[in-house]
Amino acid sequence: MPVSSDSFSQFLRESALFSALPDEDLSPIFNALVMVELPSGEVLFEEGEEVDGLFLVETGKLIGFDQDRQFSRPYQRGDILGLANNSSGNQRQETIQAQTNSRVWFISGANIEQLSADRPEFAETLTVLANSQMMIRRLPMPWLEADEKVSLITRKHPIFLLFALTLPL
């Protein structure tokens, strides 16, 4: 369990998953997190393994790749690792390996389910993030530089798209 400090609260808020939670909801998360230290080169989990929870990167650099090493994605501070979506079942979609000495925080599936049941907005954010990561893997994005990445894909509500099509008065 991490120390309940302002700096750790700020760290949690850097993640899209926890950024919208009220301060009082952070305390149960503090108590649920387990620190995992990874030396450079160590594999955190492999593609196809059962999802048993999520990891939040605090320090270091990690890389995610598929079995053929055709898809690779860098991860760093604030990134969420191990999201599953409905189409992937309950299996990891990539292998994650530390490129440098790294520290990640693990939150179990049981704790995530409890947070989701207590806070529907958390469950919705989790679903959007998981679906975004699935789309990111499928869509080529050749315009991105080597150090750039996409974490979230959203769409405009159709009413806003309709306004964009109307002529100005």
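# Sheets, rings and buried positions in a predicted chain

The charged end of R92 is placed over the ring of F45, at 4.1 Å from the ring centre. This arrangement, like everything described below, belongs to a predicted model.

**Overall make-up**

The chain contains 5 helices and 8 strands. Their order along the sequence is α-α-β-β-β-β-β-β-β-β-α-α-α. The chain has 169 residues, and 39% of them count as buried. Its accessible surface is about 10200 Å², with 53% of that area belonging to carbon and sulfur atoms. Among contacts with a separation of 6 or more, 71% are between residues 24 or more positions apart.

**The four-stranded sheet**

Four strands form an open sheet in the order β1-β8-β3-β6, and their pairing is antiparallel. The edges are taken by β1 (34-38) and β6 (80-81); each has a single partner strand, so one side of each is left without a neighbour in the sheet. Between them in the order stand β8 and β3. Strand β3 covers residues 53-59 and strand β8 residues 102-108, and the two are joined in the antiparallel sense by 6 bridges. Within this pairing, L56 is opposite W105 of β8. Helix α1 (residues 6-13) packs on the sheet and touches both β3 and β8. The direction of helix α1 makes about 120 degrees with that of β3.

**Strand β4 and its partners**

Strand β4 (residues 62-65) pairs with β5 and with β7, as the table shows.

| Pair | Partner residues | Bridges | Sense | Opposed residues |
|---|---|---|---|---|
| β4 and β5 | 72-75 | 4 bridges | antiparallel | L62 and Y75 |
| β4 and β7 | 95-98 | 4 bridges | antiparallel | I63 and Q97 |

The residues of β4 alternate in direction: L62 and G64 point one way, I63 and F65 the other. All of these residues are buried, whichever way they point.

**Aromatic pairs**

A pair of aromatic rings is described by the distance of the centres and the angle of the planes. The whole structure holds 6 aromatic pairs. In one of them, the ring centres of F18 and F122 lie 6.0 Å apart with the planes at 25 degrees, so the pair is stacked. F18 belongs to the loop between α1 and α2 (23-32), while F122 is in helix α4 (residues 120-138). The pair therefore links distant parts of the chain, 104 residues apart. Both F18 and F122 are buried.

The pair of F55 and F106 is tilted, with 4.9 Å from centre to centre and 50 degrees between the planes. Here the link runs between strand β3, which holds F55, and strand β8, which holds F106, and the two residues are 51 residues apart. F55 has a relative accessible area of 8% and is buried. F106 is buried as well, with a relative accessible area of 16%. Since the cut-off for buried is under 20% relative accessible area, the value of 16% places F106 in that class.

Ring pairs also join F8, F11, F30 and W105 into a cluster. W105 of this cluster is the residue that stands opposite L56 in the pairing of β3 with β8.

**Two buried positions**

I107 is a residue of strand β8. Its relative accessibility is 4%, so I107 counts as buried. Beyond the neighbours within four places in sequence, I107 is in contact with A32, L33, G53, L54, I112 and L115. The C-alpha atoms of I107 and L56 are 8.2 Å apart, although 51 residues separate the two along the chain.

S15 lies in the loop between α1 and α2. With a relative accessible area of 0%, S15 is buried. Outside its neighbours within four places in sequence, S15 is in contact with L56, G78 and I80. L56 thus appears among the contacts of S15, and also opposite W105 in the antiparallel sheet.

Terms used: Residues are numbered from 1 along each chain as its sequence is written. This is a predicted model: local features need pLDDT of at least 70, side-chain atom pairs count only at pLDDT 80 or more; totals for chains, interfaces and linings use all residues. Side-chain values use heavy atoms; hydrogens and water are left out. Buried means under 20% relative accessible area, exposed over 50%, partly exposed in between (1.4 Å probe, protein chains only). Contact means heavy atoms within 4.5 Å. Accessible areas come from the Shrake-Rupley method with a 1.4 Å probe; for residues, only the protein chains shown count as cover. Two strands pair if DSSP finds at least two bridges between them. Axes are lines fitted to C-alpha atoms, for helices over the stretch in contact, and angles run from 0 to 180 degrees between N-to-C directions. Rings of Phe, Tyr and Trp (its six-membered ring) pair if their centres lie within 6.5 Å; planes under 30 degrees apart count as stacked, over 60 as edge-to-face and the rest as tilted. A charge sits over a ring if NZ of Lys or CZ of Arg is within 6 Å of the ring centre and within 35 degrees of the ring normal.
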